[in-house]
Amino acid sequence: MEDRLNRVFSALADPIRRDMVARLAADDATVNELAEPYDVSLQAVSKHLKVLEDAGLVSRSRQAQRRPVHLEAKVFDLMTAWIERYRRQAEERYRRLDALLAAMDDSTDGTRSPDQERGAS
């Protein structure tokens, strides 16, 4: 799983590939259609697609004379799970910090915290 995740994030590190993924999220497209907005050769676009294909982000099929490129959206579940794990950990750290700051506020407003009460006796 880690190797695949590395390939996915590495593939998406390039802005042209991210743009291709965004365009393929709307609809399938051929290599020529994908190449239109970029000032790069068809060979360069094919290389970008090969990187996306190796990462499992896109696949190609055959429909008569067309070979449309299709976005494999299930790969985003893998990325989402990885990101969500670290989002939850960061959120937990912020909750602990909020609790600590609230306890500090309580101790500075003239009231004593239970820990201070125990230490005073």
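Select R4, L5, V8 and F9 in helix α1 together with V75, L78, M79, W82 and I83 in α5, and you will have in view the residues through which these two helices of the predicted model meet. Sorted by class, the residues of this contact of α1 with α5 are eight nonpolar, no polar and one charged. Now show the two helices as ribbons and look at their axes, which come within 11 Å and cross at roughly 100°. An angle from 65 to 115 degrees counts as roughly perpendicular, and therefore α1 and α5 are described as roughly perpendicular to each other.

Next, step back and display the whole chain as a ribbon, where you can find six helices and two strands. If you follow the ribbon along the sequence, the elements appear in the pattern α-α-α-α-β-β-α-α. The protein has 121 residues, of which 26% count as buried. Among the contacts between residues at least 6 apart in sequence, 52% join residues at least 24 apart.

Turn now to helix α2, residues 15–26, and to α4, whose axes lie 10 Å apart and whose packing angle is about 75°. These two helices, α2 and α4, are therefore also described as roughly perpendicular to each other. To see the contact itself, select I16, R17, M20 and V21 of α2, and then add V45, H48, L49, V51 and L52 of α4. By class, this contact of α2 with α4 consists of seven nonpolar residues, one polar residue and one charged residue.

Keep α4 on screen and pick out H48, which lies in this helix. Is H48 buried or exposed? Its relative accessible area is 13%, so H48 is buried, since buried means under 20% relative accessible area. Beyond the residues up to four places away in sequence, H48 touches D14, I16, R17 and M20.

From H48, move to L52, which touches A11, R17, M20, V21, L57 and V58 when residues up to four places away in sequence are not counted. L52 is also a good way into the largest nonpolar core, which has 23 residues and in which L49, L52 and L57 have the most contacts. The elements that give two or more residues to this core are α1 (2–11), α2, α3, α4, β2 (69–71) and α5 (75–108), and colouring them separately lets you follow their contributions.

The next selection is Y38, which you will find in the loop between α3 (31–35) and α4 (42–54). Although Y38 belongs to a loop, this residue is buried, with a relative accessible area of 14%. Which residues does Y38 touch, if those up to four places away in sequence are not counted? They are I16, D19, M20, R23 and V45. With side chains shown, look for the polar contact of 3.1 Å that joins the side chains of Y38 and R23. Then compare positions along the chain and in space: Y38 and I16 are 22 residues apart in sequence, while their C-alpha atoms are 8.1 Å apart.

Finish the tour at T30, which lies in the loop between α2 and α3. T30 has a relative accessibility of 15% and so counts as buried. Leaving aside its neighbours within four places in sequence, select R66, R67 and P68 to see the residues with which T30 is in contact.

Conventions. Residues are numbered from 1 along each chain as its sequence is written. This is a predicted model: local features need pLDDT of at least 70, side-chain atom pairs count only at pLDDT 80 or more; totals for chains, interfaces and linings use all residues. Side-chain values use heavy atoms; hydrogens and water are left out. Helices (H or I, at least four residues) and strands (E, at least two) are DSSP runs, numbered from the N terminus. Buried means under 20% relative accessible area, exposed over 50%, partly exposed in between (1.4 Å probe, protein chains only). Contact means heavy atoms within 4.5 Å. A polar contact is a pair of N or O atoms within 3.5 Å; within protein, one must be able to donate a hydrogen and the other to accept it, and residues adjacent in sequence count only if both atoms are side-chain atoms. Axes are lines fitted to C-alpha atoms, for helices over the stretch in contact, and angles run from 0 to 180 degrees between N-to-C directions. Angles under 35 degrees count as roughly parallel, over 145 as roughly antiparallel, 65 to 115 as roughly perpendicular and the rest as oblique. Ala, Val, Leu, Ile, Met, Phe, Trp, Tyr, Cys and Pro count as nonpolar, Asp, Glu, Lys and Arg as charged, and the others, Gly among them, as polar. A nonpolar core is a set of buried Ala, Val, Leu, Ile, Met, Phe, Trp, Tyr and Cys residues joined through side-chain atoms within 4.5 Å.
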